[in-house]
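Biologist: Could you walk me through this model, one topic at a time? I will ask, and you can reason your way to each reply.

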Amino acid sequence: MDQPEHVNRRQLLFGVTGLAVLAAVGVGVPAQAVAIPPIRDTFQGLLVFLVPGRDRFSAHQGRIADGPSGAETGAAGPLQRTYDQAVPFPLVGRPFDLNLPGAAAVAAILNLTALDVDARAALGPFASAFANLSFEGKAEVFRRLERPGLADGTPARFLINTIPTLAAFAAYSEAPVFRRGELVATPVGWRLSDYDGVSDGWPEFLGYYRGVDRVRD
């Protein structure tokens, strides 16, 4: 898997054009593979990397686990909205040569680096090259993104640093089932962590608040 250390946007666009040509001449390339940027598939691939389960994204990466996966939590939507609201301006310049905001920039960074790791990830069952990688390939993506000197002092560095932490938080949070100030279902993260939910208090403390009308030394 010896690949070039950098794939710029022009190379990615060329590669996607090549996929379109292959599809046109009858080679079995999924139609969704030419979508740019494939935000939802990228985030699903990211979520199962952090919280694997038995869904198709987990199975494809070769790492599964009992229980629901990050992809099944419904966290991809809230994660995308969070990035779009937090970074509404395009990220321009080194080292990825992007002109994309928010979630699109995150997806592009993960997919560009995934192609650095293994160019064959452009072909697979998912529109996202990152989602098409093995679990070990995804780990290598983050190893490369975290190497010293990459994007230091740029907004891209800040964005990269948030990716695993924010995605894990979204997977375990109430955000996917929080509507108009209340929970509409039990969050998957609660089941994964054996959390019983919000407590209204403990019986041991009954009578020690409202029922106390004076304090004696």
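**Confidence and fold**

Modeller: Over residues 1–35 of this predicted model, pLDDT (the predictor's confidence in each residue, from 0 to 100) stays under 50, and the model has 46 contacts (heavy atoms within 4.5 Å) for that stretch beyond four places in sequence. Where pLDDT is low, the predicted coordinates should not be read in detail. Residues are numbered from 1 along each chain as its sequence is written, and side-chain values use heavy atoms, with hydrogens and water left out. Since the model is predicted, local features need pLDDT of at least 70 and side-chain atom pairs count only at pLDDT 80 or more, while totals for chains, interfaces and linings use all residues.

Biologist: Thanks! What pLDDT does the chain average?

Modeller: Of the residues, 75% score at least 70. The average for the chain is a pLDDT of 81.

Biologist: How many helices and strands does the chain have, and in what order do the elements run?

Modeller: Helices (H or I, at least four residues) and strands (E, at least two) are DSSP runs, numbered from the N terminus. The count is 9 helices and 4 strands. Read from the N terminus, the order is α-α-α-α-β-β-α-α-α-α-β-β-α.

Biologist: What percentage of the residues in the chain is buried?

Modeller: Buried means under 20% relative accessible area, exposed over 50%, and partly exposed in between (1.4 Å probe, protein chains only). The chain has 217 residues, and the buried part of them is 44%.

**Helix packing**

Biologist: Let's turn to the helices. At what angle do H2 and H8 pack, and which residues make the contact?

Modeller: Axes are lines fitted to C-alpha atoms, for helices over the stretch in contact, and angles run from 0 to 180 degrees between N-to-C directions. Helix H2 (residues 39–50) and helix H8 (residues 155–172) have axes 9 Å apart and pack at about 80°, which makes H2 roughly perpendicular to H8 (under 35 degrees is roughly parallel, over 145 roughly antiparallel, 65 to 115 roughly perpendicular, the rest oblique). The contact is formed by Leu46, Leu47 and Leu50 from H2, with Ile163, Pro164, Ala167, Ala168 and Ala171 from H8.

Biologist: How do the residues of that contact of H2 with H8 divide into nonpolar, polar and charged?

Modeller: Here Ala, Val, Leu, Ile, Met, Phe, Trp, Tyr, Cys and Pro count as nonpolar, Asp, Glu, Lys and Arg as charged, and the others, Gly among them, as polar. For H2 with H8, that gives 8 nonpolar, no polar and no charged.

Biologist: And which residues bring H5 into contact with H8?

Modeller: Helix H5 (residues 102–117) packs on H8 at about 85°, with the axes 11 Å apart, and that makes H5 roughly perpendicular to H8. The contact of H5 with H8 has 7 nonpolar residues, 1 polar and no charged. From H8 come Leu159, Ile160 and Ile163, and from H5 come Gly102, Ala105, Val106, Ile109 and Leu110.

Biologist: Which elements do the buried residues of H7 pack against?

Modeller: In H7, 8 of the 11 residues are buried, so H7 is largely enclosed by the rest of the structure. Those buried residues include Phe135, Lys138, Glu140 and Arg144. They pack against H2, helix H3 (56–61), H5, H6 and H8.

**Individual residues**

Biologist: Is Leu133 buried or exposed?

Modeller: Leu133 sits in the loop between helix H6 (129–132) and helix H7 (135–145). Beyond four places in sequence, its contacts include His60, Ala114, Asp118 and Val141. With a relative accessible area of 4%, Leu133 is buried.

Biologist: Which residues does Arg157 touch beyond four places in sequence?

Modeller: Arg157 is part of helix H8. Its relative accessible area is 12%, so Arg157 is buried. The residues it touches are Leu145, Glu146, Arg147, Leu150, Ala151 and Asp152.

Biologist: What are the relative accessible areas of Ala151 and Arg180?

Modeller: Most residues other than glycine have a negative phi. Ala151, in the loop between H7 and H8, has a positive phi of about 60°, and Arg180, in the loop between strand S3 (178–179) and strand S4 (182–183), has one of about 50°. Ala151 is buried at 1%, whereas Arg180 is exposed at 88%.
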